[in-house]
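Please read the short report below alongside the sequence and the model.

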Amino acid sequence: MLLNEYGIIAHTDNAGALRKNAIACVAFNTCPLALAEGQRYLPTLISKLEPILEKHSMHNDNIVMRMTGCPNGCGRSPNAEIGFVGTAYGKYNLHIGGDRLGQRLNTKYKESLNEEQILTTLDELFGIYTREKKKTKHLAIFLTANGFCSMIKS
Ligand code: SF4
């Protein structure tokens, strides 16, 4: 009842697919091991990614994105389709290609990206995906099958 009264249920129901699937660890300011933000930053990053997903007609895709504030992985970034691992304040390693069911680990694609670099890199990957995917392929399967998960770019 309180969740309805304060609009939490409606807010959750109206959230996009990426936001509904996302997980982040607590990181700053709760965890003393954090190198970067987790739960306080991921919602902001998703708000900046949503127009990019819309541009590529991917806003309804059930992409699993996770973020952790350090390599310990409490937010389970290592088995997300798109995983961020904090390396310093405002910087994240970008990992891609984990199985959405959690049965395959992802691979590091780029190191220590700031927000602008994250948005640019994902815009490029989403563009390639929407141009070249076959309809039945999910993002992680496409990235793995097309060799992106074996490329580490600086
Ligand atoms: S992943 Fe690192 S920063 Fe996040 S809660 Fe675990 S130990 Fe803390």
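Asn29 sits in the loop between β1 and α4, where helices (H or I, at least four residues) and strands (E, at least two) are DSSP runs numbered from the N terminus. The peptide bond leading from Phe28 to Asn29 is cis, with omega near -5°. This is a predicted model, in which local features need pLDDT of at least 70, side-chain atom pairs count only at pLDDT 80 or more, and totals for chains, interfaces and linings use all residues. Residues are numbered from 1 along each chain as its sequence is written, and side-chain values use heavy atoms, with hydrogens and water left out.

Two residues other than glycine have a positive phi. In the table, buried means under 20% relative accessible area, exposed over 50% and partly exposed in between (1.4 Å probe, protein chains only).

| Residue | Phi | Loop | Relative accessibility |
|---|---|---|---|
| Ala27 | near 45° | between β1 and α4 | 1%, buried |
| Ser57 | about 55° | between α4 and β2 | 57%, exposed |

Ala27 is also one of the residues around the ligand, and Cys25, Val26 and Cys31 are among the others; a residue is near a molecule if one of its heavy atoms lies within 4 Å of it.

The strands come next. Strand β1 (residues 23–24) and β2 run parallel and are joined by two bridges; strands pair if DSSP finds at least two bridges between them. Ala24 has Met67 in β2 as its bridge partner. From β1 the chain crosses through helix α4 (residues 42–55) to β2. Met67 also has a bridge partner in β3, namely Phe84, and β2 pairs with β3 (residues 82–88) in the parallel sense over four bridges.

Definitions and conventions. A crossover is right-handed if, with the strands pointing away from the viewer, the path from the first strand over the helix to the second runs clockwise.
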